[in-house]
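User: Could you walk me through the fold of this model, one question at a time?

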Amino acid sequence: MTEEHNALHKKHRQRLKEKFLEFGLDGLADHELIELLLFYAVPRQNTNEIAHRLINEYGRLSDILEADTENLVEIKGISEHSAVLFKLILASINKYMNEQNDIVNAMLTPKNINKYIKNLFYGHTNEVAYMLLLDKDCVVKKIKKLSSGTVNAAPLYPREVVKIAVNERYPYVMLAHNHPNGNAMPSQNDLKITKTIELALNFVAVRLIDHVIVSGEKVISLAKNFKVLEKE
């Protein structure tokens, strides 16, 4: 890279940064946003070309952030360093959303439960399972991560759920896990393990009030939609 080309490159980067600072994301095209992000992982290359390759391959920023690291590094110009940057951004979004909508000490109601439960899964591209412990007023007191699995599975172990319930001594429990594949419908195994856990919790006088499955903006309650749990 010649000194003249290097100077032009620096000016282009500076103009793009100033454009963002003045207009925010509304002032940037999708490829410009990705180009700007890549400035911090690719110091000396033309990130405009790399950004266009990513757009051509994935289409949207959200799909780029959710892509597997192994697939990202197959794009010309994307190193492991750049791929990690995208995963870090997604994880940071997840942490921000959780902190902004902290479910702990929230009273769950039919009106707010979908919002709170969805926030648990922002940024997760693999299946993750959580156990929520609630007091007698349905206020969430603690959240325990039960497992973090693959794109298609996050195991739930009745013995582990009962162990936590006995140690924590809260009267109500709710389970939640995600389906990153876009389909929130429960599998037969989801229904079966939910019933098994409910029966196991009954022996220690703890009630499983619901098992919720989240896929993007879709939220399905097994208690409401599939009636696998007994009512009080």
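Here are some questions and answers on the sheet and the helices that pack on it.

User: In what order do the five strands of the open sheet lie?
Analyst: Happy to help, and please keep in mind that this is a predicted model. The sheet is open, with mixed pairing, and its twist averages 20° from one strand to the next. Its edge strands, each pairing on one side only, are β2 (140-148) and β5 (218-221). Read across, the order is β2-β1-β3-β4-β5.

User: Which residue in β3 is the bridge partner of Met131?
Analyst: Residues 128-134 make up β1, and residues 172-178 make up β3. These two strands run antiparallel and share six bridges. Across from Met131, the partner in β3 is Leu175.

User: Which strands does helix α9 touch?
Analyst: Let's take helix α8 (residues 158-168) before it: α8 packs on the sheet against β1, β2 and β3, and its direction makes about 155° with that of β2. Helix α9 (residues 188-202) packs on the sheet too, at about 155° to the direction of β4. The strands touched by α9 are β3 and β4.

User: What is the handedness of the crossing of α8 and α9?
Analyst: The two axes come within 9 Å and cross at roughly 35°. The crossing is right-handed.

User: How many residues of the contact of α8 with α9 are nonpolar, polar and charged?
Analyst: From α8 come Pro158, Val161, Val162 and Ala165. They meet Ile193, Thr196, Ile197, Ala200 and Leu201 of α9. Sorted by class, the contact has eight nonpolar, one polar and no charged.

Conventions: Residues are numbered from 1 along each chain as its sequence is written. This is a predicted model: local features need pLDDT of at least 70, side-chain atom pairs count only at pLDDT 80 or more; totals for chains, interfaces and linings use all residues. Side-chain values use heavy atoms; hydrogens and water are left out. Two strands pair if DSSP finds at least two bridges between them. Helices (H or I, at least four residues) and strands (E, at least two) are DSSP runs, numbered from the N terminus. Axes are lines fitted to C-alpha atoms, for helices over the stretch in contact, and angles run from 0 to 180 degrees between N-to-C directions. Contact means heavy atoms within 4.5 Å. A crossing is left-handed if the near helix is turned anticlockwise from the far one by less than a right angle, and right-handed if clockwise. Ala, Val, Leu, Ile, Met, Phe, Trp, Tyr, Cys and Pro count as nonpolar, Asp, Glu, Lys and Arg as charged, and the others, Gly among them, as polar.
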